[in-house]
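Visitor: Hi, I'm new to this one. Could you walk me through it?
Guide: Sure, let's bring it up and start with the charged side chains.

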Amino acid sequence: MERQRVGVGLVGAGFVARLHAEAYHQVRGIDVDLVAVTAVRRERADGFAREFRVDRVVADFRAVLADRAVDLVDLCVPSHLHASMAVEAARAGKHVIVEKPLTGFFGDAATPRVEMLRQALAGADAVLDACAKADVRLCYAENWVYAPPIQKARRLLTAAGGPILRLVGEESHGGTHAPVNKRWETGGGGSLIGKACHPLGAALYLKADEGMRLRGRPIRPVSVTAETANLADTETFRAASPRYLNTVDGANVEDWGSMLIGLDDGTVAQISAADTVLGGIRNQMIAYGAKAVVICNINPNDTVRAYAPDGAVFGDEYLVEKLETKAGWSSPQPDEDWTSGYPQEIQDFMEAVALGREPLSGGPLARDVTAVIYGAYLSAAEGRRVDLRPYLT
């Protein structure tokens, strides 16, 4: 039997593109060809192509779409470009991988939050509609869905039986890789859209999976109550010296947020995120079930623990993302990509395209995440619980 082949065109050659490229080379059972790459900076695309064995560097996004050897377009671009590029790729007959968030509101920070919610969902619907009409797969790159701790939790909770009563999740960092994520105009929000989308996506995935198992239809979010804050824009923080957080001058988005989500089976999820946490990234989920409790420490975890009296001791050896110092005790990650779910995510996407099935993380999950997050922004602005039911499809 002839092996399936998927030709991939990458748009972008930065941090996320590198994670995906590493994962493509680990795919099993399907021949993946990295056909083309494009980036705003040609020299970055050239270096990327050499490092990851991409067949050719092309001029721009439309050149990727025009390449007949490309079956799937991987959009590793800033969030404000996701929706328009995904729609265009689908209309060109290409399957699409869209990084988180699927889309959002990108404009004046003073815009009423209810209008942000409306525009964000309109963008999400445009992407889902274009992919459905073109009969192409929409792969929503939510790596938490695929992270081994989350998948093990799903299996344990399935074996235990009964419902998940409460989910508590957090993703927090000491800043951001990209300054574009610190403006409403290009990031679509701050820590909620950029960080909380991960544990939120995993929580909604676990509850949807439970719903299919226990009642034959997904469990979905119906309400959200939220608070946000700009912790780095306080008098005490501005007076502190030295500063260790990777803050961005001119940021107009929140750097902390927390959401309480009501689900349609009467259970809840508590999701928090921040760009103001020292000590490396914090990716954690706790599932409190009727018959079991499962704690997922994606990062940090104690697979490896190390100590050095001075930050220079470990030299150039990588420890963990966004760790401020290598001195003292740390939790070096032996395979951070695997623990975070990137190879598993790309494996599933390649199988979905090659075999003509939906991915585990697809359009419906991406849309629900969008609805909850922008419902949370509305809740925080107006100081009330937001009923999400009018915004669900």
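**Salt bridges and the overall fold**

Guide: Arg-118 and Glu-115 form a salt bridge, with the closest N and O atoms 2.7 Å apart. A salt bridge here is a side-chain nitrogen of Lys or Arg within 4 Å of a carboxyl oxygen of Asp or Glu. This is a predicted model, where local features need pLDDT of at least 70 and side-chain atom pairs count only at pLDDT 80 or more, while totals for chains, interfaces and linings use all residues. Residues are numbered from 1 along each chain as its sequence is written, and side-chain values use heavy atoms, leaving out hydrogens and water.

Visitor: Where do Arg-118 and Glu-115 sit relative to each other in helix H5?
Guide: They are three residues apart in helix H5 (residues 113–134), so about one helical turn separates them. Helices (H or I, at least four residues) and strands (E, at least two) are DSSP runs, numbered from the N terminus.

Visitor: Is Arg-118 buried or exposed?
Guide: In between: Arg-118 is partly exposed, with a relative accessible area of 47%. Glu-115 is partly exposed too, at 24%. Buried means under 20% relative accessible area, exposed over 50%, and partly exposed in between (1.4 Å probe, protein chains only).

Visitor: How many salt bridges are there by this rule?
Guide: The count comes to 25. One of them joins Asp-33 and Arg-5, with the closest N and O atoms 2.6 Å apart. Asp-33 is in strand S2 (residues 31–38) and Arg-5 in strand S1 (residues 5–11), so this pair ties together parts 28 residues apart in sequence.

Visitor: What else does Arg-5 meet in a salt bridge?
Guide: Asp-71, at 3.1 Å from N to O. That pair links distant parts of the chain, 66 residues apart, as Asp-71 lies in the loop between helix H3 (61–66) and strand S4 (72–75). Arg-5, Asp-33 and Asp-71 are thus linked in a network of salt bridges.

Visitor: Changing topic: how many helices and strands does the protein chain have?
Guide: It has 13 helices and 15 strands. Its radius of gyration (over C-alpha atoms) is 21 Å, close to the 21 Å that the globule rule (2.2 Å times the number of residues to the power 0.38) gives for 393 residues, so the chain is as compact as a globular protein of that length.

Visitor: And what share of the residues is buried?
Guide: Buried residues make up 53% of the 393 in the protein chain.
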